[in-house]
Amino acid sequence: MNPESTSNNSSSAGPATPNNSRKERGAIAAQACESCRQRKQRCSEERPKCATCQRMNLECKYREPQPTKKDKTLVEILERLKNLEGNLRSLDGKVDSLNSRGTLPLSIYGPLHTNTPPAALDASRSSSWPAANIHLQPPAIPPASPRDVQYVSATHKMLSWPFIQQIFENKNSNSDLPRLEKDGAAMLLGLQGRTATLPTSIYDPVDLNSEASSIPLQSAPGSQVEGMQTGGLSMNWETMQRLSKSYFDTFNLIYPIMDRQLFQAEILPAIAGHGFDESSSSTLACLVFALGEVAISAVQGAPTATYKGRPSGIRGGTLERPPGLLFFNEARKRMGFNLTECSLENVQMFALAAIYYGTCCHHLESWRLTTSASLACQALLTSNPEELTTHRGDLVRRAFWHCSIMETCLNMELNIPRTGLDKLEALVGLPDFSGSFSEEDYLGNQASHFQEHFASQIVLRRLSVEFHTTLTNAFGPTRLPVEPPISSAAIMMKQMAAQLDQWRGLLPVYLRWEEETPGTFSSPSEELYDDQSLYPPPVPDLHTNFMFTADLDSSPVSYPYAVDIQAASLRTRYYYVKYLVYRPFIFKALHHPDQVTRDDAEGVAECLKAVLKWPITMSPTCFHKRLIPCLFFWTQNLLGILLVLHLTQQVPILIRIRTSLMGAKFDQDANETAMLCIEWIRDLKDNDPTALSCWEILKGIYPLGDDT
């Protein structure tokens with residue numbers, strides 16, 4: 001993943017996988033303009049006019065890419081994944097029915113009472129479960145809930161579990177758990193006690209020439225420029241193209257909410273010719289340039305710190321002056337002129353600004369602007385629903401679902417109320433990338449499958465919301481129990497897990513992976529890369545089958561087009577949802593161990609499997625943290641994983657499940673997982689208030705070495 005390499009020479013960009021010995025076919029001819037094709041000469045591929053057409057004053061046109069068999073798979077994904085929604089509605093109906101009856105079926109194995117003879121259990125399993133009684137260690141813990149299973153999605157709510165609070169009391173932790181439980185969202189977003197904001201002084205010459213600037217701006221105050229000048233900051237055409245291309249080859253593949261073709265053909269030339277003004281187009285250009293600089297810095301910038309010789313995954317700039325700040329401040333100066341527009345550009349403006357704040361670990365500002373983007377999207381769709389029928393309709397849909405995905409993260413992890421955007425899902429429908437589509441996006445999709453990644457994220461988000469709603473209604477901490485109390489949730493959880501497995505099974509082969517090996521490469525379908533394809537399968541010719549590794553000391557592999565970020569995000573979200581589905585069994589094992597059934601124990605085991613070695617924590621993705629969406633979201637959940645793994649070494653019933661149901665390889669995987677999670681939080685704690693809060697909690701329960 002090297003945005004600079006994909007930006008500087010698009011004719012050889014891609015995918016520039018390591019040690020790839022396969023011959024690239026037709027890259028020059030594929031991107032040459034029509035005039036250069038007819039003259040059979042090399043094209044410089046500049047937009048809107050190549051060098052030859054500029055010199056000879058010719059009309060410069062680029063051929064639209066022709067769809068291949070691969071492009072049809074996006075529609076197939078959307079159609080097949082829609083089928084899951086009917087199953088979700090069926091599951092929700094079953095839950096309502098079960099609640100009305102007041103009971104769920106008992107496990108076929110029955111409860112693990114102390115007087116249950118081993119012979120009464122499955123013979124193949126009885127040896128793993130001796131009849132010894134299981135008790136919580138004193139002092140006794142008061143009843144935590146009127147029912148034996150409790151569901152919460154937010155990690156800071158998990159910290160309010162009585163057993164976990166007792167653990168911290170015994171460990172004499174310095175963390176303020178009562179305050180965290182009451183004001184968790186405010187604390188974790190950095191609202192309380194933080195006064196630092198991004199500086200607004202951008203024309204100090206130190207800003208332009210300091211080593212902290214990750215890209216040479218090739219400018220100085222008062223210089224003559226070829227293109228754009230604003231205030232004391234100047235840019236030439238080459239820099240504008242380089243930054244915008246870096247953005248579109250990374251961030252816009254992760255969040256595909258901007259139109260590359262429109263930006264290159266209309267917005268860039270207008271700014272080059274007339275400079276910035278107060279329009280939304282100028283604001284968006286500044287945001288694109290800012291994120292373009294972040295994209296280059298995230299891979300090539302100097303690490304902000306090192307730990308025992310290992311470079312930080314936060315690269316480029318400093319805590320006070322992150323990469324892209326010059327351009328972002330230009331955007332901030334102009335945003336006020338566009339605040340009340342009911343337009344797609346207004347949605348994009350808020351969304352890109354939220355993304356930028358997220359790359360700087362300013363989560364409060366990111367949350368505020370994410371919410372503003374959702375509200376702007378509602379305003380657009382409510383005031384002008386006909387926009388969905390225009391040539392920009394598909395881009396509106398993509399912006400809508402981007403806002404919905406980001407809003408869901410905030411709701412599930414911080415309990416921040418949703419804006420009501422979800423009520424427009426039926427009106428909006430799913431995107432199919434049928435709008436304007438540049439040749440460069442076509443080539444990027446050939447290598448990274450960003451369209452399919454985004455479509456799959458949408459459906460996975462729908463699954464997670466439905467599961468969250470169902471589990472909250474059935475087992476939420478404020479849910480009043482029916483009589484008699486529900487005695488088992490195993491059937492419901494297994495049905496949800498089956499839905500997740502079905503989602504993974506419906507993914508195209510080049511996105512799919514094996515459940516037990518989250519770090520392996522997908523298996524590309526050879527028919528998608530026939531003789532007409534411009535690129536070979538995007539799998540590096542390495543001496544390993546793993547795309548992600550827990551070895552953080554070796555040099556990370558570089559993938560073009562943010563391939564590793566996209567794959568890691570999709571897979572990690574899958575394991576995150578499965579972890580949430582099964583985590584109520586952890587609650588039951590901690591607070592009601594004498595009622596744990598065989599199905600419950602297997603639910604605990606599935607939860608433990610789901611937390612192992614999440615790809616975003618592994619190399620190379622963890623070394624490019626500025627590109628990873630929703631850093632605070634993952635940091636919080638990694639804290640929860642560390643707590644769960646710690647408990648499996650302290651609580652008798654969890655120790656028994658760990659030793660009898662998890663297999664011989666679990667100890668190694670669990671140790672590597674704990675190391676990856678700790679290193680993630682350690683890497684972020686000096687830049688991120690969320691990570692610092694998590695670090696303070698971990699001090700009491702994990703040996704953190706000399707960096708405490």
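Which residue just after H20 takes a positive phi? Select His-449: its phi is about 60°. This is a predicted model, so read each stop on the tour as a prediction.

**Stop 1: helix H20**

Step back from His-449 and select residues 439-448, which form helix H20. All 10 of the 10 residues are buried, so H20 is largely enclosed by the rest of the structure. Colour the helix by residue type. The buried set includes the acidic residues Glu-439, Glu-440 and Asp-441. Tyr-442, Leu-443, Gly-444 and Asn-445 are buried too. Gln-446, Ala-447 and Ser-448 complete the list.

**Stop 2: the main core**

Now show the largest nonpolar core, a set of 189 residues. Three residues have the most contacts inside it: Phe-289, Leu-352 and Tyr-579. Helix H23, residues 563-591, supplies the largest share of this core, with 18 residues.

A second, separate core has eight residues. Among them are Cys-43, Cys-53, Cys-60 and Tyr-62.

Return to the main core and centre on Leu-352. What does Leu-352 contact beyond its neighbours within four places in sequence? Select Tyr-247, Ile-257 and Met-258, then Leu-284, Leu-287, Val-288 and Leu-291.

**Stop 3: H15 against H16**

Select helix H15 (residues 325-335) and helix H16 (residues 344-359). Their axes come within 12 Å and cross at roughly 145°. The crossing of H15 past H16 is left-handed.

Show side chains at the contact. H15 contributes Leu-325, Phe-328, Arg-332 and Met-335. H16 contributes Met-349, Phe-350, Ala-353, Tyr-356 and Tyr-357. By class, the contact has eight nonpolar residues, no polar ones and one charged residue.

Is H15 mostly covered or mostly uncovered? Mostly covered: nine of its 11 residues are buried. Leu-325, Leu-326, Phe-327 and Phe-328 are on the buried list. So are Asn-329, Glu-330, Ala-331, Arg-334 and Met-335.

**Stop 4: Ala-353**

Stay in helix H16 and pick Ala-353. Ala-353 has 0% relative accessibility and counts as buried. Leaving out residues up to four places away in sequence, Ala-353 touches Leu-287, Phe-328, Met-335 and Leu-369. Draw a C-alpha to C-alpha distance from Ala-353 to Arg-332: 8.6 Å. In sequence these two residues are 21 apart.

**Stop 5: the cysteines**

How many disulfides does the structure hold? Zero. Two cysteines are worth a click.

Start with Cys-360, which is buried at 7% relative accessibility. The closest cysteine sulfur is in Cys-361, 7.7 Å away, so the pair is too far apart for a bond. The cut-off for a disulfide is 2.5 Å between the sulfur atoms.

Go on to Cys-377, buried at 1% relative accessibility. Its sulfur has the sulfur of Cys-403 as its closest cysteine partner, 5.0 Å away. That is also too far for a bond.

**Stop 6: backbone exceptions**

Most residues other than glycine have a negative phi, and most peptide bonds are trans. The next three picks depart from this.

Select Asn-415, in the loop between helix H18 (393-414) and helix H19 (425-428). Its phi is near 60°, a positive value in a residue other than glycine. Asn-415 is partly exposed, with a relative accessible area of 36%.

Select Ala-562, in the loop between helix H22 (490-506) and H23. Its phi is also positive, near 55°. Is Ala-562 buried or exposed? Buried, at 0% relative accessibility.

Select Pro-620, in the loop between H24 and helix H25 (631-647). The peptide bond from Ser-619 to Pro-620 is cis, with omega near 10°.

**Last stop: Glu-606**

Move to helix H24, residues 598-610, and pick Glu-606. Glu-606 counts as partly exposed, at 26% relative accessibility. Add Lys-578 to the selection. The two residues are 28 apart in sequence, yet 8.3 Å apart in space, C-alpha to C-alpha.

Definitions and conventions. Residues numbered from 1 in each chain as written. Predicted model: local features only at pLDDT ≥ 70, side-chain atom pairs only at ≥ 80, totals over all residues. Heavy atoms only, no water. Buried < 20%, exposed > 50% of the residue type's maximum accessible area, 1.4 Å probe, protein only. Core = buried A, V, L, I, M, F, W, Y, C linked by side-chain atoms within 4.5 Å. Helix = DSSP H or I, 4+ residues; strand = E, 2+ residues; numbered from the N terminus. Contact = heavy atoms within 4.5 Å. Axes fitted to C-alpha atoms, helices over the stretch in contact; angles between N-to-C directions. Left-handed = near helix turned anticlockwise from the far one by under 90°. Nonpolar A, V, L, I, M, F, W, Y, C, P; charged D, E, K, R; others polar.
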